[in-house]
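Welcome, and thanks for taking a look at this one. Have the viewer ready, and let us walk through a few parts of the fold together.

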Amino acid sequence: MKNNKSTMNRTIEDELENLAVLTVDPSLASHKAHFQYRYTKYLQQKQTIEKYEGSLEDFSQGYLKFGFNREGNKIVYREWAPAAKEAQLIGDFNAWNGLGHRMERDQFGVWTVYIPDKDGNPAIPHGSKVKFRMKVANGTWIDRIPAWIRYATVDPSNFGAAYDGVYWDPPPSKRYEFKYPRLPKPEAPRIYEAHVGMSGIEPRVTSYVEFAENVLPRIKANNYNTVQLMAVAEHSYYGSFGYHVTNIFAPSSRSGTPEDLKFLIDKAHSLGLRVLMDMVHSHASNNVTDGLNGYDIGQTAEESYFHTGERGYHKLWDSRLFNYGNWEVQRFLLSNLRWWLEEFQFDGFRFDGVTSMLYHHHGINVGFTGNYREYFGKATDVDSIVYLMLANSLIRNIYPDATVIAEDVSGMPTLGRPISEGGLGFDYRLAMAIPDKWIEYLKHKLDEQWSMKEIVLTLTNRRYTEKCVAYAESHDQSIVGDKTIAFSLMDKEMYSAMSCLQSPSPVVDRGIALHKMIHFITMALGGEGYLNFMGNEFGHPEWIDFPREGNGWSYEKCRRQWNLVDADHLRYKFMNNFDKAMNELDEKFHFLASSKQIVSSANEEEKVIVFERGDIVFVFNFHPESTYSGYKIGCDMPGKYRVALDSDALEFGGYGRVRHDVDHFTSPEGVPGKPETNFNGRPNSFKILMPPRTCLVYFKVPETSHLTGDSTSSMVGKPVLA
């Protein structure tokens, strides 16, 4: 036994001395001590969990112990509330009188009560309301929703009422059973970010079932392979977009029951769509009566879910901050991840607010320059980093095909490297600088001032071996006070000039052309995955404004106007068609998953960007007026090239100026073996026609192929010139 322990210690010492992240990026070597420290803390915590709980996997099944569970012919309810002096379980089942259901406390502050069945039936009926009642230090009794509650509802007729916990344990006949298996992890995620509640055309909250039946088929039709659901966990304030979570184990009751959500996910799987959950472990609602904050009754951080004082409060978000070093907090959050993965069959997570978790300053009033000292020093919250490492380790162990994405604006190095190397273990980070650049250009620069080199730099400025999900706009750019790209481009003319029955105005003509180009170059050059927010694929007008006092509690701006894209006489269909074709192009050529990314030209005067991604060649002409005939572009392989995608095709609202039935034969460039003599660094070239504000993609025709003009018509549109 001693020899085994000695061998294990030597293995750990070797791992610490030879962390692979330092090999991948040797410039991190000056921060070796920091990486060793945090990796040691991770290993120590993991080993401690294994010692006292059996394994990380066992530790993450807290929902089988805490909250409500069946044990034989009784219900057992447990709650961690070490600061409580006395505790009772109350609810509809006992007429809200807890004297007969007093709870007992153990040495760790866990309160327990057993509720035997009555006449062979559960004493607490399925769907009935329950609460945890505790006596605090001053002798006052207070009622709280159980922290591990699996469903919570509110009386819709009582404005401003607090939520109630609901005992959820449907009989087998009413319990949803999954029919379809999960899908394998895609080479590259093409993500459709969606909010169920505002996904309907009517000004009201949309249900899970309605989303499954009406919206999922649209997502599939546009060739996405992943749906990312926002606002899943219960949140009492609808306008928080789901980010002020009150009940972390409960699906939002606004859109239906837990069984309805399971139906949605199963339906997605049946359509070939994976489903990610927007996971909010970075903070929690500060609501007291119906949120986890209600368990903070002035105790120490060791006895609370949150830090005390300023450290436990996010001053910009007006929310509470978890104490990630606390044993029961780790159990609570890790179990939450497993709950959503196993009970609801989610395929992974997009972790929200990771920047706030990584640093004690939470990124507030901090401008990250990329200097490594900003990431690895006293400002770094190592407890939080250890939690994220434990979380990603758990997710991999439970479901190896899970996709995990970090929303981090700081650009922390090693965030997207495996834990075994000393990284944090995320698959992807969101490329959050990209939408900011597009906003800057649309708001502050004339078309002639757009810099091709700056666009390329913004899109390619990411860490080698750490993958990114690129996006031109997400929900952040759609909320009230901001504008979507389409609305920034076309503004009021979206109300009056989108009819196909008249010639497009210059504003609409420019707007649709740039909308296609901005989204496509972001997808093609910005990362290893792509994300689009619901409705932006067809240029949804206006903004999102949740019901609030300032708008008369209106749902008018909290919906999606699918009628616009469905109307054949409106131009919204052109942007939607192009979005579908973009995704289809990746499905066919797999360029997002390719590590080959070579920018051969970023010409400021001509406003042209040329690059290769995978085996296809992309050309973007941002010039507002100039058409380039016989424009020479570089490429890698010699042979015959044809159009794979053309934003100027008629079906995308263009003018059909580029022929799709033309073979483009390459010419060799320079002296073989001497790259400096090549054209723009490429050994071959061919010539094309480039209309203004147009993007084109060319693919090399296989030598054995007898390709006809119709072979790629689903993407490029029909040939329009003889």
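## The cysteines

Why is the sulfur of Cys 635 too far from the closest cysteine sulfur for a bond? This is a predicted model, and in it the closest cysteine sulfur to that of Cys 635 belongs to Cys 695, 19 Å away. A disulfide would need the two sulfur atoms within 2.5 Å, so this pair cannot be counted as one. Cys 695 is likewise in no disulfide, its nearest cysteine sulfur being that of Cys 635. The count for the model comes to zero disulfides.

Are these cysteines buried or exposed? Cys 635 has a relative accessible area of 0%, so it is buried. Cys 695 counts as buried too, because its relative accessibility is 1%.

## The nonpolar cores

The largest nonpolar core holds 189 residues, and the members that touch the most others are Leu 229, Trp 340, Phe 351 and Phe 520. Helix 9 supplies the largest share of this core, with 11 residues. Apart from it lies another core, of 16 residues, which includes Val 610, Val 617, Ile 633 and Tyr 641.

It is worth clicking on Phe 520. Leaving aside residues up to four places away in sequence, Phe 520 touches Phe 578, Phe 591, Phe 618 and Phe 620, along with Met 582, Leu 585, Leu 645, Cys 695 and Val 697.

## Helix 9 and its cap

Helix 9 covers residues 382–398, 17 residues in total. From first C-alpha to last it reaches 24 Å, close to the 24 Å expected at 1.5 Å a residue. The helix is mostly covered, with 14 of its 17 residues buried.

What caps the N-terminal end of helix 9? That role falls to Asp 381, which has a side-chain oxygen 3.3 Å from the backbone nitrogen of Asp 383.

## Tyr 359, ahead of helix 9

Tyr 359 sits in the loop between helix 8 (354–358) and helix 9. With a relative accessible area of 0%, Tyr 359 is buried. Its side chain makes a polar contact of 2.8 Å with the side chain of Ser 410.

Beyond four places in sequence, Tyr 359 touches Asp 381, the helix cap, as well as Phe 368, Glu 374, Tyr 375, Ala 379, Thr 380, Ser 410 and Met 412.

## A buried arginine

Arg 350 belongs to strand 18 (residues 348–351). Its relative accessibility is 2%, so it counts as buried. Which side chains make polar contacts with the side chain of Arg 350? Asp 278 does so at 2.8 Å, and Glu 407 at 3.3 Å.

Not counting residues up to four places away in sequence, the contacts of Arg 350 include Gln 228, Tyr 243, Met 277, Met 279, Ile 405, Leu 430 and His 475.

## Strand 27 and its partners

Strand 27 spans residues 640–646, and it is largely enclosed by the rest of the structure because six of its seven residues are buried. Strand 27 pairs in the antiparallel sense with strand 28 (residues 664–665) over two bridges, and Lys 640 stands opposite Phe 665 there.

Strand 27 is also antiparallel to strand 31 (residues 694–700), to which it is joined by five bridges. One of the residue pairs is Arg 642 with Phe 699, its bridge partner in strand 31.

Key: Residues numbered from 1 in each chain as written. Predicted model: local features only at pLDDT ≥ 70, side-chain atom pairs only at ≥ 80, totals over all residues. Heavy atoms only, no water. Expected span 1.5 Å × (residues − 1). Buried < 20%, exposed > 50% of the residue type's maximum accessible area, 1.4 Å probe, protein only. Polar contact = N/O pair within 3.5 Å; in protein donor to acceptor, adjacent residues only side chain to side chain. Core = buried A, V, L, I, M, F, W, Y, C linked by side-chain atoms within 4.5 Å. Contact = heavy atoms within 4.5 Å. Pairing = 2+ DSSP bridges.
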